[in-house]
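Student: Could you take me through one part of this structure up close? I'd like to see how two pieces of a chain meet.

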Amino acid sequence: MDSLALSINAWRKRVTFRIGLVITIAILLAGVAGGLFPLIYGWDIGFRIVSESFQPPSLKHLFGTDDLGRDMFTRVLMGTSRALVQTTIVIVLSLFIGLFVGAITAYYKGFIEKALSYITELFLAIPSILLALVFVILFGRGALTVSLALVASWWSWYGRFAYLQARAIRDLDFIVLAKHYGLPGVYIILRHIVPNIMSPIFIQALTDAGSVVIELATINFLVGVGTTSIEEPDWGLMLGYGVRYVFNYWWIPLLPGLFIVLMALGFALIGDSIYEEMHPQLKRRWRLWF
Amino acid sequence: MGITLNYVVRRIVLSIAIILGISIITYVFIYLAPGDPAYVWAGRPRGPLASEAIARARVELGLDQPIYVQFFLHVLRFFSGNWGLSIRFKQSVFSLVMRNFASTLELLLVSFAISIPIGLFLGIHSSLYRGSKIDAAINSLSIVLSNTPRFWIGLAMLLAFTSLNIPTYGRISDNFRGELVERVGLYLVDSLLQGRLDIFLDVLIRIIPPALALSLYPIGAIARVTRISLSEALQEEFVREAVSLGLPRNTVVYGYALRGLIPSLMQAIGLFFSYSLIDAMAVEYVFGREGLGNLLVKAIPASDFPLVTAALIIVAIVYVVTNTIADIVQALINPRVTM
Amino acid sequence: MVLEASIKSTDLSIGYEYDYGILWVVNSVNIVVWRNTTYCIIGESGCGKSTLGNALAGLLPTYAYTNGYLEIEGRTVVRGDETNYNGVRGRIVTRIPQDPSSALNPYATIGEQLVKVIEHHYGVRENALEKARELLKLVKLPLEVIDYYPHELSGGMKQRAAIALALAPMPKVIVADEPTSNLDAYLRGVVASLLKRVQRELNLTLVFITHDIALTSVICDYIAVMYAGTIVEEGVSSKVLHNPLHPYTQLLFKAIPKLGYRETLSTIPGSPPSPTSYPEGCRFRPRCPVGFSECYKAPKLIEVKPQHKVSCWRYA
Ligand SMILES: Nc1ncnc2c1ncn2[C@@H]1O[C@H](COP(=O)(O)OP(=O)(O)OP(=O)(O)O)[C@@H](O)[C@H]1O
Ligand SMILES: [Mg+2]
């Protein structure tokens, strides 16, 4: 079934899908706002000292102000666009790499299959957080470093998924025939294998987006606690840096977390409803019949 | 049985190959990083002693040797447990990581002891009453649970417990720290071995809040996989056959449908376990518990490369070994050995 | 002998939920199955035999919708869309599956499976083991099978094990859904006669669903012919077999070679309609060689000869 029809069905029948979509749109708007802020108010908008330090949340400063007197809400909005970009990079790149590596692994039987599945297993075993910390040490902290570290570990997850899917179809007639006609492997992989294994992996990626958001935040949190000052308006860094104030100025480490929850939840709700729509066994009537 | 033995051997060889591969990857990183490898290995030193530290690192890495000798030396050092010195702590990274890993592992184990039964319970009931209000509630709950940052909830919990005057900060109260004899490294076990119930209770009270925060993700995730796979299993022919024979509901659900799911659930739980490591480190830091998280937080500002890579390798080894054991156990208990 | 009804359905309809709505695949079935008899249901693939059989055994999937009434041994199990098989499954009716390799529990030995069922219905363990052995003897399986896992059995043995399992709760009614279709010609006869023997010895009511018309003459007391979700002909087996009334039945019987006869093989022209597009009126009309104007109205199943019912306007 095509994805548009799926989404329309999900929208009609599932409250969770509607809630998820509303949340996601809200987060996207916040991200756009956060991205536009510097263009409208000047590049230093996130760093400007607007008030006294440690102001509790008020109408003027929705999320209060931090230790330097910067407006937290502005910085959280800017963090939203950062998080959106980072999540997109991680998901798109790892999906892309995983899909192709998986398809290639399944297509070429023999040595290539063995070698590539070994490499996939290898990267699956490497804990993403520690890989990210190694990257931070090697290349310095920064949005791109952490994102690439996550790509380096997440691709293997899709790689294995794609491999299992592709292995299930590689001996079907249309692929065997295509091979028999002497079509080049690249062509078969691109035209026949990848399109046929994509959709469940895309759905999986949509659900995973929530985990990626949280993982990014967690890694940056750990990086953030060790630093003596933060410039970047990054959710994780803000929370990590703010931990030292938790007992006196709770809003500094706690309020930005709301945005992480919303963003993760939005993706997960959408992914979950589509997953159920795709599985007829899950969406038809069920009652405890025995 | 012959097939099984063959399988076991193959599986073990593969896992050794993977561990070796990981150690090589981390080694390659040193060369990928901008700047002189010796400089990176030495933790980007500055100041008067820098050149001396870099020279020492050069010898340690064998940088003056040809590349294949370097590689050989590296593998040799890896298997002899000589993984280098921590820049920040000036100790062997191997023992440093092992000691702190025990604490992280203890936290993870307690949190999974909490989350496996709860997750299974929620998943089973959500699946049995699928489509009902109960299911909607459980399913939404598990989505929310598995999409809330655990360290953030932990922080909120810490704030709440502290304002209620319940001691949750730290792994063990300072009074007991000197009295506990570490044997296994897991304080819950050590205190019991020592026969000290008071220490045990103190450790237990301190471990429960972080373990609860940590269990949010596995509870939600286990509930969700159980719900989906049980829903499918309940439609299977042999389960329907059990129903047609008039067996009671509990027998059908637990004895037939779930029994077939044990291998795949075990695999999923293993995945959640290794995924939870990242949360464990953050939650641990929040609650001021020693462990990998706390260790690495200090290692990052010091660019303690040997320490972080050692942690990476050890955690990966634990992952590979548990996975291998799980696979082998699975192959042994499944009567339909298809390998 | 006074005949007592074991199964009685009144206007029973069954449908499955699809994305576009409910697809009714069994329509207004009225049947009576007498105690201690063998009742065969025959018909082409997809006409709803298994669906009806599953309704009898209480094994319809949860997304199946029902209408009408179904009574089994005096208990109303289907009333409208309500179903209640509590206490009926096992004790009163069990099913012999079409494919025993997917129906036997792959994680337990045959003995464990038998004992579990016997224990649940009739108590203590030692007796249960004894009983399991008796059952194996009854279906002519060697006793060591008790310690075998299903994957260690051959196809014929699996089917016997499945029969033993279905007999274990000592039911009054057994629904056998094409129990022989996965077996070769030799085993087919063996298993069918085994079932017949068991039915007689244990005084069971057996509902036997099959494609195989040759088998029906051997084991059936009554035959019902299904076409496109309806019963088109029903009656004592000798009458139906030797004097089929419905044009569909006549064509169906011609389509199979009879032993000893060398009639020309003919097939029924056209193909059975799909449940999404059952024709108006008599559902066989588009393929019927002898249809006439009346056939645009739906015929009723009526008794045109003693113990022989047919649903065709030619006999109305
Ligand atoms: N579980 C199900 N879900 C949805 N539709 C079903 C299901 N089982 C059967 N059907 C549909 O119901 C119709 C009747 O199927 P049924 O299995 O009862 O036929 P049958 O007479 O047993 O055929 P066969 O001789 O091939 O076993 C078919 O069109 C089939 O597609
Ligand atoms: Mg059938």
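Tutor: Sure, let's go to the boundary inside chain B: domain 1 and domain 2 bury about 1600 Å² between them, with carbon and sulfur atoms giving 84% of that. Buried area here is the accessible area (1.4 Å probe) that two parts lose on being put together, summed over both. On the domain 1 side, L307(B), I314(B) and Q330(B) supply 32% of the area buried against domain 2, more than any other three residues.

Keep in mind that this is a predicted model, where local features need pLDDT of at least 70, side-chain atom pairs count only at pLDDT 80 or more, and totals for chains, interfaces and linings use all residues. Residues are numbered from 1 along each chain as written, chains are lettered from A and ligands numbered from 1 in the order written, and side-chain values use heavy atoms, leaving out hydrogens and water.

So what are the two pieces? Domain 1 of chain B covers 1-88 + 305-339, and domain 2 covers 93-301; the bounds come from an automatic or database domain assignment. Their C-alpha centres lie 28 Å apart. Where they touch, 17 residues of domain 1 are in contact (heavy atoms within 4.5 Å) with 16 residues of domain 2.

Now for the charges: there are 0 salt bridges between the two domains of chain B, a salt bridge being a side-chain nitrogen of Lys or Arg within 4 Å of a carboxyl oxygen of Asp or Glu.
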